[in-house]
Amino acid sequence: MEADLAFRQVDLLDLWRGKITPRKLDVMIRGLPPDSATRIAMNGKEPLWSRTDYILADLIDSNNAVAWLVANQDVPATRKSTFPDPYPRPGDQPRKREITAADLKAFRERTTKR
C-alpha cells in the first residue's frame, strides 16, 4: 500500500503527521487502479478486471460464436460441433465435468436401499 501511495506522491506518514485524515486515506486506497499492488493483494493475488478486460472477453466470446456459426452453417444439426465455452471471467465457477458411467454406478450404490 505504501508503495502504491508513494507512486502517487502521497506519503503514508502524513496520516500520523495530521496532514491527511483517515477518511482521505481510505478514499485514496479505494481509488487505486485495479492493477495496483494493494488491490491485487486484497484480491487473493489476482489482478482485478477493468472495464476493458470485460469488453475484450465479450469480444472474444462474440468472435468465437461467429466462427462457430460460419464453421457449422452447412453442417446437419446432428453433426455440429459443440458451441464454444465462454472466456473465463473473475468469479466464474469452473464447469462441471462430464458424468461418467462410473459416477452413475457410485451414485446408485450410495442411494440404493439394501
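I count a residue as buried when its relative accessible area is under 20%, and as exposed when it is over 50%. The model I am reading is a predicted one.

**Helix α3**

With that cut-off in hand I went to helix α3, residues 22-30, and found its buried residues to be Leu 25, Met 28 and Ile 29. I then asked on which side of α3 they sit: they cover an arc of only 100° around the axis, and therefore lie on the same side of the helix. This agrees with the general rule that an α-helix has 3.6 residues a turn, so residues three or four places apart point the same way.

Next I looked up what the buried residues of α3 pack against, and noted α1 (2-7), α2 (13-17) and α4 (37-42). On the face of α3 turned away from the buried side I found Arg 23 and Arg 30, both of them exposed.

**The whole chain**

I listed the secondary structure as 6 helices and 0 strands, so that I could set the overall dimensions beside it. The radius of gyration is 25 Å, whereas a compact globule of 114 residues would have one near 13 Å, and the C-alpha trace spans about 70 × 50 × 20 Å along its principal axes.

Of the 114 residues, 17% count as buried, and the protein exposes about 9800 Å², of which carbon and sulfur atoms supply 58%. Among contacts between residues at least 6 apart in sequence, I noted that 35% join residues at least 24 apart.

Last, I looked up the charges, and recorded 20 positive and 16 negative side chains, with the centres of the two sets 8 Å apart.

Definitions and conventions:
Residues numbered from 1 in each chain as written. Predicted model: local features only at pLDDT ≥ 70, side-chain atom pairs only at ≥ 80, totals over all residues. Heavy atoms only, no water. Helix = DSSP H or I, 4+ residues; strand = E, 2+ residues; numbered from the N terminus. Rg over C-alpha atoms; globule rule 2.2 N^0.38 Å. Buried < 20%, exposed > 50% of the residue type's maximum accessible area, 1.4 Å probe, protein only. Contact = heavy atoms within 4.5 Å. Areas by Shrake-Rupley, 256 points an atom, 1.4 Å probe, with all protein chains shown as cover. Lys, Arg positive; Asp, Glu negative; His and termini not counted. Charge placed at Lys NZ, Arg CZ, Asp CG, Glu CD. Arc of directions from axis to C-beta.
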